[in-house]
Amino acid sequence: MLSNPAGAPYIPGMLKIENLTATVGEGEDAKTILNALSLAVPTGEVHAVMGPNGAGKSTLSYVLTGREGYAVTGGSATLNGADILALEPEARAAAGLFLSFQYPVEIPGVPVMTFVRTAMNAQRKARGETEISAPDFIKKSREIARVLSLDPEMLKRPVNVGFSGGEKKRLEIYQMMMLEPRFMVLDETDSGLDIDALRTVAEGVNALRAPDRGMLVITHYQRLLDYIKPDKVHVLARGRIIRTGGPELAHRLEAEGYDGVLAEAV
Amino acid sequence: MSPDLKDLIRNPTIAELELVARFAALKADARRERLFEAFAQTGLPGRRIEGWRWTDFRAAVTSLDAPKTAPARDPLVRDGVATLRFTPARYTAPTSLPAGLRLLAKDDVQAMGGAEDAPLGALAAALSGGKTPGTLLVEVGAGAPVHLHMVFEGPGAINASRIVFLLRPGAELHVSESHLGGAALSAALVEFTLNKGARLHRAVYQVGGAGEAQAVTALIEQDGDAESFLTTLALGARVARLETRLVHRETGSKATLNAAYLAGAGLQADITTHVRHGAPSCVTRQLTKGAVLDGGRGVFQGKFHVPRTSGQQTDASMQHNALLLEEGAEVFARPELEILADDVQCAHGNTSGALDAAQLFYLRQRGIPLTQARAMLTEAFIAQALEGAGELEDALRAEAQAWLNHAA
């Protein structure tokens, strides 16, 4: 169902962030949220970013995807070697970067299918590919909706309008599976999900794991990582990565809280 | 020109003197005279006149030379629907009309109630005639729904027309109007009387050039249990006023007044409505949506008048929402509820602002370029105002979409 080309080249820093510094606000009110943050996700790997509230987790996802309101004052971020910070948000998307939003946005008046098909064809156009035909699109949409246990009727309704928290998150994963991005940033995808929904969502995410894809899973809790097993765990605090380890680091954080790790890092 | 004709309008502009001359050249008629006098009280209304502060015909209409812009294409024309065409040079009607419809083109002018309140409606009535009917009477009888299309277009200097509809008890009329510009001044007056239980579906499309002035005035009176559904899409002109004055005059009358306006640089679109709840238990639903670009101007003036005794049990709501798509866009809104009755449900809301930054980012993050994202969100924003247009919704939406893709 999903493309998974064999023999994809291994890229050590598929997503490579070096000394990234970013502020929010303007002038004297400008506040540094990311402070010389560095991390690298090689192709085929899934990395988790964990951290306490206010550490800069969501800012990281927004700076990577180009949301207005943030100013990059230092450092770099590249995707497959290309400087993504110089690109418009839509060009980053066309380059394969996808953000699963912590708070998916309601778009009244735009049905899900129209939205996703427009997005898919815009990306394809930007990449010089041909548009997807309506029958192919519908077929693909139907398959993915089935995997995610999404009511097909929901896909005819305006994007996220009147959806429950869980439905919105599942719709993010639906979009991700439809658009087949090269690199995915999942921002607090577990928030607002009950255990069944979490399992469904994780199945969708895991289906996208592939040798030519990378993923950054941002989460506050370890729970999501029981379902989406990371290759590495980074601890983000005070705007930088203070610790990197294997999956066991997430368990330790869950058991001890962030205080211990934070104290060690000082 | 006789001295007293010239004195009809105080301190007339050149364009107003041309209007006087045009009036003087038409066949003398006491009613026509009264209508022109009603217009002459204000002359071409401008910023000093109450209700015209933001829509200045006096300043905009400097001369009445035919504009260089050709009339726009008609998106509402369709096969199998009888079409009436009004141009400065002639009026044409099809040889065969749908059953239940009767047309009567009269040379003389009919009286018009409330002419003083609608100066450009009075002007349309006073200047109709000559090569076009003084009044076109249209009667719709009970029975199967009747479909009719009307086109108003140039070329020429002045395009004035007046159509008076009478919907007999239980009649159902689906009328569409395309006001396509191409004249220096276009003034159309369309009147509807809905007898008991009659239903009116009216869709209006307006487009005009940056050197043109257009006024579309509708007067609607509804008897008991009559129902009207009005949908307007206005793309503006140098000045474009789409004014609707509606009276619920018997119990149980219902009206839905929806409009969308889109104004680009150098263009202005004015949606003005006045609804009088002159009988108990009548319902009005009004939704107006607008989007304006840099150098464009949108105007919304809505008024509900609910008298103390006759307006009891009124159920009315008025909503106006505008998008300022760029810096330099202007929107002026004046929603007014004049409620003297105490047992009523009346609500109104009025907003204007920019597109939502979070929504724009969401679309762009999925790969939709900024201009396309803007167009998508704006189309979705105004779509609700076009939903009631039934079979014409798609055509109106396509025009809005084309405007958005072209403009944004």
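How many residues does the contact take from chain B, and how many from chain A? This is a predicted model, where local features need pLDDT of at least 70 and side-chain atom pairs count only at pLDDT 80 or more, while totals for chains, interfaces and linings use all residues. Residues are numbered from 1 along each chain as its sequence is written, and chains are lettered from A, ligands numbered from 1, in the order in which they are written.

**View 1. Where chain B touches chain A.** The contact takes 18 residues from chain B and 20 residues from chain A (contact: C-beta atoms, placed from the backbone, within 7 Å). On the chain B side, α6 (357–365) and α7 (370–386) each chip in at least two residues (helices are DSSP H or I runs of at least four residues, strands E runs of at least two, numbered from the N terminus). That side has eleven nonpolar, five polar and two charged residues (nonpolar: Ala, Val, Leu, Ile, Met, Phe, Trp, Tyr, Cys, Pro; charged: Asp, Glu, Lys, Arg; polar: the others, Gly among them).

**View 2. α6(B) meets α7(B).** From α6(B) come B:Gln359, B:Leu360, B:Leu363 and B:Arg364; from α7(B), B:Leu370, B:Ala373, B:Met376 and B:Leu377. Sorted by class, the residues of this contact are six nonpolar, one polar and one charged.

**View 3. Around B:Ala122.** Skip the neighbours within four places in sequence, and B:Ala122 is in contact with B:Leu35, B:Ala38, B:Phe39, B:Met112 and B:Ala115.

Note on methods: Contact = placed C-beta atoms within 7 Å.
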